[in-house]
Amino acid sequence: MGEASNITLQFLGAGGAFTRIYGTTCSVLSLGDERWLIDCGRQAPDQLHAAGIAWHDIFGQLVTHVHGDHTYGLEDFAFSRFFFAKGEMGAVREGGPRPKLVCHSAVEEELWESLRSSLRYVPPPLPPKSGTLDTYFETVAAYASEPPADNPWHHAESFRAGALTVHATETEHVPGKPSTALTIEVGDGKVAWWSGDSTVDAEALVALEPRTTVFFHDCTFVEYPGQVHGSFAALEKLPEVVRRKLVLMHHEDDLQDHRVRAEALGFRVALPGQRFDLTTGQREPTLAD
Ligand SMILES: [Zn+2]
Ligand SMILES: [Zn+2]
């Protein structure tokens with residue numbers, strides 16, 4: 001095995017909304033010593049524990065959109081850091097560092113709607129019900145944005161925090177609902193791309209391909225009218241150069257029925273525990289290989 005990369009992504013959960021096998025979505029993005037989470041689904045607290053990672057090891061949180069399989073672990077994260085110290089790191093309520101929170105402003109609004117019924121209740125000396133997202137997280141404001149396109153909110157917002165530069169671009173997921181894909185800068189003008197939950201935008205993927213090391217795309221093998229995910233029927237029509245850079249994730253428990261067909265087309269399939277070097281797009285070998 002070569003030298004460990006400086007920028008890696010490890011899947012804790014690689015499954016879709018209703019998975020019972022692959023875990024709801026949560027991944028650890030490591031930028032040198034900084035650990036970020038991409039989404040924080042309902043199983044995230046247990047996934048982190050199983051991986052030997054504490055909430056206090058997390059520098060910041062990225063959120064693509066607000067659905068339980070992406071965000072229902074966040075109340076645990078917020079309260080754990082607010083109330084508890086660990087080692088050298090103090091509790092947030094005692095002046096310890098708040099984890100950073102990076103998400104599109106339209107997603108942030110829905111995130112607070114989802115969390116406020118628990119997080120607004122804060123202990124004295126804070127006034128009762130005065131909690132906000134900023135009580136628990138250091139929310140990062142966008143340094144640039146693109147004007148609205150298909151929805152009333154910005155088409156894209158860009159963020160810098162710590163070692164991270166990321167662009168959150170709206171995707172087509174549930175109509176009328178804010179949802180974003182993440183374009184993560186990995187150096188040398190290259191990016192790694194994360195779909196969040198999104199239908200397939202072939203034109204955008206093809207345009208992005210030359211400077212992309214790896215695409216992570218949610219995937220479903222079930223076709224239905226009003227598709228809200230990355231339909232495999234659409235993904236398999238992508239040019240081979242894109243397919244070979246693309247990792248299927250957020251799949252449901254029927255994955256094994258389709259895996260051979262997907263891999264024959266050049267796709268890779270994400271499983272919990274796998275780690276990818278984002279500067280090369282390659283998966284690090286494991287004992288299972
Ligand atoms: Zn989802
Ligand atoms: Zn979703």
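Colleague: Which residue in S11 is the bridge partner of Leu 182?

Modeller: In this predicted model, Leu 182 has Trp 194 as its bridge partner in S11.

Colleague: How do you know that strand S10 and strand S11 pair, and in which sense?

Modeller: Pairing asks for at least two bridges. Strand S10 (residues 180–187) and strand S11 (residues 190–194) have five bridges, in the antiparallel sense, so they count as a pair. Both belong to an open sheet of eight strands, ordered S7-S8-S9-S10-S11-S12-S13-S14, with mixed pairing.

Colleague: What makes strand S7 and strand S14 the edge strands there?

Modeller: Strand S7 (144–148) and strand S14 (268–269) each pair on one side only.

Colleague: How do you know that strand S3 and strand S4 pair too?

Modeller: Strand S3 (residues 34–38) and strand S4 (residues 60–62) share three bridges in the parallel sense, and the requirement is at least two, so they qualify. One of the bridges joins Trp 36 to Gly 60 in S4. These strands sit in a sheet of seven, S6-S5-S4-S3-S2-S1-S15, which is also open and mixed in pairing.

Colleague: Let's turn to the metals. Which residues donate to the zinc ion (ligand 2)?

Modeller: His 65 (NE2), His 67 (ND1), His 173 (NE2) and Asp 197 (OD) do, at 2.2 to 2.3 Å.

Colleague: Why do those atoms count as donors?

Modeller: The cut-off for an N, O or S atom here is within 2.8 Å of the metal, and these lie 2.2 to 2.3 Å away, so they count.

Colleague: Why is the site of the zinc ion (ligand 2) called irregular?

Modeller: A tetrahedral site needs all angles between 85 and 135 degrees. The angles among the four donor atoms run from 91 to 160°, so the tetrahedral label fails, and the site is classed as irregular.

Colleague: Why is His 65 called buried, and what is His 67 called?

Modeller: Buried means under 20% relative accessible area, and His 65 has 0%, so it is buried. His 67 has 25%, which lies between 20% and 50%, so it is partly exposed.

Colleague: What links the zinc ion (ligand 1) and the zinc ion (ligand 2)?

Modeller: Asp 197 coordinates both, and the two ions are 3.6 Å apart. The other donors of the zinc ion (ligand 1) are Asp 69 (OD), His 70 (NE2) and His 250 (NE2).

Colleague: How do you know that Asp 69 and His 250 are buried?

Modeller: Asp 69 has a relative accessible area of 4% and His 250 has 5%. Both values are under 20%, so both residues count as buried.

Technical notes: Residues numbered from 1 in each chain as written. Chains lettered and ligands numbered in written order. Predicted model: local features only at pLDDT ≥ 70, side-chain atom pairs only at ≥ 80, totals over all residues. Heavy atoms only, no water. Helix = DSSP H or I, 4+ residues; strand = E, 2+ residues; numbered from the N terminus. Donors = N, O, S within 2.8 Å, 3.2 Å for Na, K, Ca; no water. Tetrahedral: all angles 85-135°; square planar, octahedral: opposite > 155°, others 65-115°. Buried < 20%, exposed > 50% of the residue type's maximum accessible area, 1.4 Å probe, protein only.
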